[in-house]
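Work through these exercises with the model open. Try each task before reading its solution.

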Amino acid sequence: MAGSADENRGTVSAQLLRGQKALVTGANSGIGLATAIALGRAGADVVVNYVAGAGEAEEVVAQIKDFGVRAYAHEADVSDEAQVVDMVARMVEAFGTIDIMVANAGLQRDAAATEMTLAQWQKVIDVNLTGQFLCAREAAREFVRRGVVEEVSRSAGKIICMSSVHQIIPWSGHVNYAASKGGVGMLMQTLAQELGPRRIRVNAVAPGAIRTPINRDAWSTPEAEADLLRLIPYRRVGDPGDIANAVVVLASDLLDYVVGSTLYVDGGMTLFPGFATGG
């Protein structure tokens with residue numbers, strides 16, 4: 001699926017983030033793509049990070065620039081410390097600072113636990129968890145250095161970790177992914193506790209079932225979608241724009257007093273719908 005924020009019925013109003021500088025990792029497809037575009041629509045200058053797919057990243061940049069803001073693409077593997085340090089340093093040089101870090105990049109390497117290789121385990125932990133730590137750390141260093149600029153935002157900076165409903169819902173056959181997202185939840189809360197006194201807001205967005213390339217098999221046929229909808233009380237599969245809008249509002253001063261929270265955007269999946277008719 002294309003992943004544009006326009007796929008959602010509603011979009012966040014323009015200029016909500018005017019003058020702010022945002023970096024979105026994994027921003028050339030799916031949720032990251034929609035989020036980068038939504039941030040640009042809201043008035044932010046945006047760095048579009050990608051690890052593969054330069055052409056797609058440049059297309060996202062072009063869409064963002066259509067909103068009259070600045071944007072560029074930056075290739076970096078978020079699990080590589082040196083590349084993350086360089087990415088944030090280049091952004092500070094190009095845009096002057098960073099105000100919003102959206103640590104979105106993530107992947108799956110699925111297997112039964114008894115069949116999972118150490119390489120499959122480590123790759124997911126390295127990208128989904130270590131990558132978020134490295135991005136958050138580098139953003140926080142700049143936030144601390146710069147401090148609060150009241151005419152830009154009430155906070156010194158915002159870190160938004162992209163988690164998942166599997167932060168709290170076990171997922172058989174995906175032990176590496178579920179463990180990484182459980183780790184993201186505690187990473188976010190601990191960073192929020194530590195950085196809050198610096199006026200740095202750290203929160204997470206936890207998507208449920210969203211129409212993205214990573215889970216295409218779960219919704220691409222009527223039969224698969226019907227099976228998936230049994231897990232969603234709201235009875236629709238989410239779009240990338242649902243997540244993008246949540247990120248934009250969470251990054252804005254409208255939610256300035258929200259710190260250390262996970263916003264579940266899941267159509268009610270975390271309500272454990274199986275218990276609606278039994279228990």
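The exercises below concern a predicted model and go from its sheet to its helices and cores.

**Exercise 1. Lay out the sheet.**
Give the strand order, the pairing sense and the edge strands.

*Solution.*
Step 1. Seven strands form an open sheet, in the order β3-β2-β1-β4-β5-β6-β7.
Step 2. The pairing is parallel.
Step 3. Look for strands that pair on one side only: these are β3 (71-75) and β7 (262-265), the edges.
Step 4. From one strand to the next, the twist averages 20°.

**Exercise 2. Place β5 among its neighbours.**
Which residues stand opposite Ile160 in β6 and pair with Ile160 from β4?

*Solution.*
Step 1. Take the β6 side. Strand β5 (residues 157-162) runs parallel to β6 (residues 200-207), and six bridges join them.
Step 2. Here Ile160 faces Asn203.
Step 3. Take the β4 side. Four bridges link β4 and β5, again in the parallel sense.
Step 4. On this side Ile160 is the bridge partner of Val102.

**Exercise 3. Judge the burial of β5.**
Is β5 enclosed or open, and which residues point to each side?

*Solution.*
Step 1. Recall that side chains in a regular strand alternate between the two faces of the sheet.
Step 2. One side of β5 carries Gly157, Ile159 and Cys161; the other carries Lys158, Ile160 and Met162.
Step 3. Check each residue against the cut-off for buried, under 20% relative accessible area. Both groups are buried, and both faces are covered.
Step 4. Six of the six residues are buried, so β5 is largely enclosed by the rest of the structure.

**Exercise 4. Follow helix α1.**
Which strands does α1 lie across, and how does α1 meet α7?

*Solution.*
Step 1. Helix α1 (residues 30-41) lies across β1 (21-24), β2 (45-50), β4 (100-103), β5 and β6. The helix runs at about 170° to β1.
Step 2. Turn to α7 (240-251). The axes of α1 and α7 come within 8 Å and cross at roughly 45°.
Step 3. The two helices are therefore oblique to each other. The crossing is right-handed.
Step 4. Name the contact. From α1 come Gly30, Ile31, Ala34, Thr35, Ala38 and Leu39; from α7 come Pro240, Gly241, Ile243, Ala244, Val247 and Val248.

**Exercise 5. Compare α4 with α5.**
What is the relative orientation of α4 and α5?

*Solution.*
Step 1. Place α5 (residues 175-195): it lies across β5, β6 and β7, at about 160° to β6.
Step 2. The axes of α4 (residues 118-146) and α5 come within 9 Å and cross at roughly 15°.
Step 3. Angles under 35 degrees count as roughly parallel. The pair α4 and α5 is therefore roughly parallel.
Step 4. The crossing is right-handed. Among the contact residues are Trp121, Ile125 and Phe133 of α4, and Tyr177, Val184 and Leu187 of α5.

**Exercise 6. Find the cores.**
How many residues has the largest nonpolar core, and which have the most contacts inside it?

*Solution.*
Step 1. The largest nonpolar core has 37 residues. Leu39, Val48 and Ile64 have the most contacts inside it.
Step 2. At least two residues of this core come from each of β1, α1, β2, α2 (54-65), β3, β4, β5 and α7.
Step 3. Another core lies apart from it, with 35 residues, including Val88, Cys161, Leu187 and Ala204.
Step 4. Zoom in on Leu39. Beyond four places in sequence, Leu39 touches Leu17, Ala22, Val24, Ala44, Val46, Val102 and Val248.

Note on methods
Residues numbered from 1 in each chain as written. Predicted model: local features only at pLDDT ≥ 70, side-chain atom pairs only at ≥ 80, totals over all residues. Heavy atoms only, no water. Pairing = 2+ DSSP bridges. Axes fitted to C-alpha atoms, helices over the stretch in contact; angles between N-to-C directions. Contact = heavy atoms within 4.5 Å. Core = buried A, V, L, I, M, F, W, Y, C linked by side-chain atoms within 4.5 Å. Buried < 20%, exposed > 50% of the residue type's maximum accessible area, 1.4 Å probe, protein only. Parallel < 35°, antiparallel > 145°, perpendicular 65-115°, else oblique. Left-handed = near helix turned anticlockwise from the far one by under 90°.
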